[in-house]
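This briefing covers confidence, core packing and one helix pair in a single protein chain. Please look through the sequence and the coordinates first.

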Amino acid sequence: MAYTTSGAILTLLPGLPLSGEPGYTSTVAIIDSHIDRADSVINARLAKRYRVPFSPTPPIVRTISQDIASYFSFRSLYSGDNTNRLDSLQEQLQFAYDQL
């Protein structure tokens, strides 16, 4: 079971298509793949210390999964013209990794 949902990521990244809008289905598919990647990163990092996957999901793990999946999604959905925002997301991602 995933630590977060595409719906949670959609609320964190405003401007993405919402349900019923053009591009929604493909955007959700991209986000879902990045949620899987984020959860794999978390599990790989924590497997030496904890039994993974977590069930139920601790709130901090959910938050970190959302941060990492948001970063991956934002990076794949937007081009280089958002460099400053991407730099900020990279800093947030590094902070999330440091918390693990």
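Setting aside neighbours within four places in sequence, Thr 27 is in contact (heavy atoms within 4.5 Å) with Leu 10, Leu 16, Pro 17 and Leu 77. This is a predicted model, in which local features need pLDDT of at least 70 and side-chain atom pairs count only at pLDDT 80 or more, while totals for chains, interfaces and linings use all residues. Residues are numbered from 1 along each chain as its sequence is written, and side-chain values use heavy atoms, with hydrogens and water left out.

**Confidence**

- The protein has a mean pLDDT (the predictor's confidence in each residue, from 0 to 100) of 84, and 82% of its residues reach 70 or more.
- Confidence is highest in H1, at a mean of 93, and lowest in helix H4 (residues 83–99), at 64; helices here are DSSP runs (H or I, at least four residues), numbered from the N terminus.
- Where pLDDT is low, the predicted coordinates should not be read in detail.

**Thr 27 and Ile 31**

- Thr 27 belongs to helix H2.
- Its relative accessible area is 7%, so Thr 27 is buried (under 20% relative accessible area; exposed is over 50% and partly exposed in between, with a 1.4 Å probe and protein chains only).
- Ile 31, again leaving out neighbours within four places in sequence, is in contact with Ser 6, Ile 9, Leu 10, Leu 16 and Ser 73.

**Nonpolar core**

- The largest nonpolar core (buried Ala, Val, Leu, Ile, Met, Phe, Trp, Tyr and Cys residues joined through side-chain atoms within 4.5 Å) has 20 residues, of which Ile 9, Ile 31, Ile 42 and Ile 68 touch the most other members.
- Two or more residues of this core come from each of helix H1 (6–12), helix H2 (24–46) and helix H3 (59–77).
- H3 contributes the most to this core, 7 residues.

**Packing of H2 and H3**

- The axes of H2 and H3 come within 8 Å and cross at roughly 130° (lines fitted to C-alpha atoms over the stretch in contact, with angles from 0 to 180 degrees between N-to-C directions).
- H2 is therefore oblique to H3 (not under 35 degrees, over 145, or 65 to 115, which count as roughly parallel, roughly antiparallel and roughly perpendicular).
- Residues of H2 that meet H3 include Thr 27, Ile 31 and Ile 42, and those met in H3 include Ile 68, Ser 73 and Leu 77.

**Loop between H2 and H3**

- Pro 56 sits in the loop between H2 and H3.
- Pro 56 is exposed, with a relative accessible area of 71%.
- Its C-alpha atom is separated by 9.4 Å from that of Met 1, 55 residues apart along the chain.
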